[in-house]
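Me: Could you take me through the aromatic rings in this structure and look closely at how they pair up? I'm a first-year student, so please go slowly.

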Amino acid sequence: MPKLLHIACSPRLNSASAAAAQVFVDAFCNSRPAWEIDALDLWREGLPEFNQDMLDAKDAVMRGAAFTSRQSEAWAIIERMAVRFSLADRVLISTPMWNFGLPYKLKHYIDLINQPRLTFRFDPATGYIPLLKDRPTIAIVASSGDFVTGMNRGRTDMATPYLREALRFMGLRSLEIVRLGPTAGPVEATRQAHEAAYRRLRELAGRF
(Lines give C-alpha, C1' and ligand atoms only; values in the text may rest on other atoms or scores of the structure.)
Protein backbone atom coordinates (compact mmCIF):
# COMPACT_ATOMS: atom_id res chain seq x y z
CA MET A 1 0.00 0.00 0.00
CA PRO A 2 1.48 3.41 -0.95
CA LYS A 3 2.16 5.70 1.98
CA LEU A 4 2.01 9.41 2.74
CA LEU A 5 4.18 10.33 5.72
CA HIS A 6 2.86 13.40 7.54
CA ILE A 7 5.43 14.95 9.88
CA ALA A 8 3.60 17.29 12.27
CA CYS A 9 5.88 19.81 13.95
CA SER A 10 3.65 22.01 16.11
CA PRO A 11 2.97 21.26 19.80
CA ARG A 12 -0.50 22.78 19.45
CA LEU A 13 -3.17 20.43 18.14
CA ASN A 14 -5.22 23.38 16.87
CA SER A 15 -2.33 25.26 15.30
CA ALA A 16 -2.56 26.96 11.92
CA SER A 17 -0.12 24.49 10.39
CA ALA A 18 -2.08 21.52 11.78
CA ALA A 19 -5.37 22.87 10.40
CA ALA A 20 -3.82 23.45 7.00
CA ALA A 21 -2.34 19.95 7.01
CA GLN A 22 -5.77 18.50 7.75
CA VAL A 23 -7.20 20.34 4.75
CA PHE A 24 -4.53 18.77 2.57
CA VAL A 25 -4.86 15.26 4.04
CA ASP A 26 -8.66 15.29 3.66
CA ALA A 27 -8.39 16.29 0.00
CA PHE A 28 -5.57 13.80 -0.59
CA CYS A 29 -7.57 10.92 0.92
CA ASN A 30 -10.57 11.81 -1.23
CA SER A 31 -8.49 11.55 -4.40
CA ARG A 32 -6.37 8.57 -3.24
CA PRO A 33 -8.46 6.50 -0.82
CA ALA A 34 -6.16 3.48 -1.10
CA TRP A 35 -3.19 5.31 0.37
CA GLU A 36 -2.01 4.88 3.97
CA ILE A 37 -1.44 8.01 6.06
CA ASP A 38 1.50 7.55 8.43
CA ALA A 39 1.18 10.37 11.00
CA LEU A 40 4.40 11.26 12.81
CA ASP A 41 3.81 13.85 15.53
CA LEU A 42 7.26 14.94 16.67
CA TRP A 43 5.92 16.25 19.99
CA ARG A 44 3.82 13.26 20.97
CA GLU A 45 5.82 10.30 19.73
CA GLY A 46 9.00 11.60 21.32
CA LEU A 47 12.49 11.76 19.85
CA PRO A 48 15.55 10.08 21.35
CA GLU A 49 18.48 12.22 22.38
CA PHE A 50 21.41 12.18 19.98
CA ASN A 51 23.73 10.93 22.69
CA GLN A 52 27.30 9.71 23.03
CA ASP A 53 26.49 6.18 21.89
CA MET A 54 24.84 7.50 18.73
CA LEU A 55 27.81 9.78 18.04
CA ASP A 56 30.21 6.89 18.54
CA ALA A 57 28.10 4.70 16.24
CA LYS A 58 28.11 7.41 13.56
CA ASP A 59 31.88 7.68 13.86
CA ALA A 60 32.18 3.89 13.50
CA VAL A 61 30.06 3.98 10.36
CA MET A 62 32.21 6.73 8.88
CA ARG A 63 35.39 4.77 9.64
CA GLY A 64 33.98 1.41 8.59
CA ALA A 65 34.62 0.01 12.06
CA ALA A 66 32.61 -2.64 13.90
CA PHE A 67 29.98 -1.56 16.43
CA THR A 68 30.14 -2.22 20.12
CA SER A 69 26.92 -3.57 21.60
CA ARG A 70 25.96 -0.10 22.86
CA GLN A 71 26.68 1.45 19.49
CA SER A 72 24.66 -1.24 17.72
CA GLU A 73 21.63 -0.57 19.92
CA ALA A 74 21.95 3.19 19.42
CA TRP A 75 22.32 2.89 15.65
CA ALA A 76 19.30 0.59 15.43
CA ILE A 77 17.13 3.40 16.83
CA ILE A 78 18.37 5.84 14.20
CA GLU A 79 18.07 3.26 11.45
CA ARG A 80 14.41 2.54 12.23
CA MET A 81 13.60 6.25 12.05
CA ALA A 82 15.48 6.74 8.78
CA VAL A 83 13.84 3.68 7.21
CA ARG A 84 10.38 4.93 8.20
CA PHE A 85 11.14 8.18 6.41
CA SER A 86 12.69 6.51 3.36
CA LEU A 87 9.71 4.16 2.84
CA ALA A 88 7.26 7.02 2.35
CA ASP A 89 6.09 7.49 -1.23
CA ARG A 90 5.06 11.08 -0.46
CA VAL A 91 6.03 13.40 2.40
CA LEU A 92 4.00 16.16 4.02
CA ILE A 93 5.63 18.43 6.61
CA SER A 94 3.46 20.88 8.56
CA THR A 95 5.36 23.31 10.72
CA PRO A 96 5.21 26.77 12.26
CA MET A 97 8.03 29.25 11.85
CA TRP A 98 9.69 30.04 15.19
CA ASN A 99 12.10 32.95 15.56
CA PHE A 100 12.65 33.05 11.78
CA GLY A 101 13.54 29.32 11.71
CA LEU A 102 12.12 25.86 12.35
CA PRO A 103 10.94 24.43 15.68
CA TYR A 104 13.78 22.63 17.40
CA LYS A 105 11.88 19.33 17.26
CA LEU A 106 12.03 19.34 13.46
CA LYS A 107 15.73 20.17 13.48
CA HIS A 108 16.20 17.39 16.05
CA TYR A 109 14.38 14.92 13.79
CA ILE A 110 16.47 15.86 10.76
CA ASP A 111 19.66 15.55 12.81
CA LEU A 112 18.62 12.02 13.81
CA ILE A 113 17.72 10.63 10.39
CA ASN A 114 20.33 12.38 8.26
CA GLN A 115 23.11 9.86 8.76
CA PRO A 116 25.91 8.25 6.71
CA ARG A 117 24.93 5.11 4.80
CA LEU A 118 21.28 5.73 5.67
CA THR A 119 20.47 8.96 3.85
CA PHE A 120 23.83 9.93 2.32
CA ARG A 121 27.32 8.66 1.64
CA PHE A 122 30.65 10.35 1.09
CA ASP A 123 32.93 9.74 -1.86
CA PRO A 124 36.40 11.33 -1.58
CA ALA A 125 36.39 11.93 -5.33
CA THR A 126 32.92 13.40 -5.76
CA GLY A 127 31.84 14.50 -2.28
CA TYR A 128 28.48 13.87 -0.61
CA ILE A 129 25.96 11.70 -2.44
CA PRO A 130 22.28 11.46 -1.39
CA LEU A 131 20.92 7.94 -0.91
CA LEU A 132 17.17 8.53 -0.81
CA LYS A 133 15.05 8.52 -3.94
CA ASP A 134 13.35 11.76 -4.78
CA ARG A 135 9.62 11.87 -4.09
CA PRO A 136 6.95 14.61 -4.08
CA THR A 137 7.20 16.56 -0.83
CA ILE A 138 5.14 19.43 0.53
CA ALA A 139 6.08 21.65 3.45
CA ILE A 140 3.36 23.82 4.98
CA VAL A 141 5.05 26.69 6.80
CA ALA A 142 2.79 28.86 8.96
CA SER A 143 4.05 32.20 10.24
CA SER A 144 2.63 35.17 12.08
CA GLY A 145 4.43 37.36 9.55
CA ASP A 146 3.41 37.70 5.91
CA PHE A 147 6.12 35.98 3.86
CA VAL A 148 3.68 35.46 1.00
CA THR A 149 3.36 39.04 -0.24
CA GLY A 150 6.68 40.22 1.20
CA MET A 151 5.12 42.38 3.92
CA ASN A 152 7.22 40.65 6.58
CA ARG A 153 8.40 43.89 8.18
CA GLY A 154 12.09 43.16 7.71
CA ARG A 155 12.06 39.67 9.18
CA THR A 156 14.17 37.00 7.47
CA ASP A 157 12.95 33.53 6.55
CA MET A 158 15.67 31.10 7.60
CA ALA A 159 13.26 28.16 7.85
CA THR A 160 12.52 27.30 4.24
CA PRO A 161 16.10 27.61 2.87
CA TYR A 162 17.34 25.25 5.58
CA LEU A 163 14.52 22.77 5.02
CA ARG A 164 15.03 22.80 1.26
CA GLU A 165 18.78 22.18 1.59
CA ALA A 166 18.46 19.52 4.32
CA LEU A 167 16.00 17.51 2.22
CA ARG A 168 18.03 17.98 -0.97
CA PHE A 169 21.12 16.67 0.83
CA MET A 170 19.27 13.38 1.46
CA GLY A 171 17.86 13.22 -2.08
CA LEU A 172 14.45 14.90 -1.85
CA ARG A 173 14.62 17.64 -4.46
CA SER A 174 10.92 17.91 -5.38
CA LEU A 175 9.87 20.14 -2.49
CA GLU A 176 6.84 22.42 -2.74
CA ILE A 177 6.62 25.12 -0.08
CA VAL A 178 3.13 26.30 0.89
CA ARG A 179 3.29 29.41 3.04
CA LEU A 180 0.48 30.33 5.40
CA GLY A 181 0.67 33.83 6.76
CA PRO A 182 -0.02 36.07 8.40
CA THR A 183 -1.64 33.95 11.09
CA ALA A 184 -1.84 36.90 13.50
CA GLY A 185 -3.05 40.45 13.16
CA PRO A 186 -6.11 41.94 11.45
CA VAL A 187 -8.92 39.42 11.06
CA GLU A 188 -9.45 40.05 7.36
CA ALA A 189 -5.77 39.61 6.53
CA THR A 190 -5.54 36.31 8.41
CA ARG A 191 -8.78 35.07 6.86
CA GLN A 192 -7.51 35.77 3.36
CA ALA A 193 -4.18 34.11 4.14
CA HIS A 194 -5.88 30.93 5.35
CA GLU A 195 -8.24 30.79 2.40
CA ALA A 196 -5.44 31.27 -0.11
CA ALA A 197 -3.30 28.54 1.49
CA TYR A 198 -6.26 26.16 1.71
CA ARG A 199 -7.11 26.66 -1.96
CA ARG A 200 -3.57 25.88 -2.98
CA LEU A 201 -3.38 22.82 -0.74
CA ARG A 202 -6.60 21.37 -2.14
CA GLU A 203 -5.31 21.94 -5.65
CA LEU A 204 -1.96 20.29 -4.85
CA ALA A 205 -3.64 17.33 -3.17
CA GLY A 206 -5.41 16.44 -6.40
CA ARG A 207 -2.11 15.90 -8.24
CA PHE A 208 0.32 15.07 -5.43
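Reply: Happy to! Two rings of Phe, Tyr or Trp (its six-membered ring) count as a pair if their centres lie within 6.5 Å. With that in hand, here is a cluster: ring pairs join Phe 24, Phe 28, Trp 35 and Phe 208. Keep in mind that this is a predicted model.

Searching the whole structure turns up 13 aromatic pairs. One of them is made by Trp 43 and Trp 98, with 5.9 Å centre to centre and 55° between the planes, a tilted arrangement. Where do these two rings sit along the chain? Trp 43 belongs to the loop between β2 (36–41) and α2 (52–63), while Trp 98 belongs to the loop between β3 (90–96) and α4 (104–113), so their pairing ties together parts that are 55 residues apart in sequence.

Are these two buried or exposed? Trp 43 is partly exposed, at 24% relative accessible area, and Trp 98 is partly exposed too, at 30%. Trp 43 has another neighbour to look for: Lys 105 lies over the face of its ring, 5.3 Å from the ring centre.

Now turn to Phe 67 and Trp 75. Their ring centres are 6.1 Å apart and their planes meet at 45°, so this pair is tilted. Here the surroundings of the two partners are worth checking in your viewer. Phe 67 is partly exposed, with a relative accessible area of 33%, whereas Trp 75 is buried, at 7%. The label for Trp 75 follows because buried means under 20% relative accessible area.

Note on methods
Residues numbered from 1 in each chain as written. Predicted model: local features only at pLDDT ≥ 70, side-chain atom pairs only at ≥ 80, totals over all residues. Heavy atoms only, no water. Phe/Tyr/Trp six-rings, centres within 6.5 Å; stacked < 30°, edge-to-face > 60°. Helix = DSSP H or I, 4+ residues; strand = E, 2+ residues; numbered from the N terminus. Buried < 20%, exposed > 50% of the residue type's maximum accessible area, 1.4 Å probe, protein only. Lys NZ or Arg CZ within 6 Å of the ring centre and 35° of its normal.
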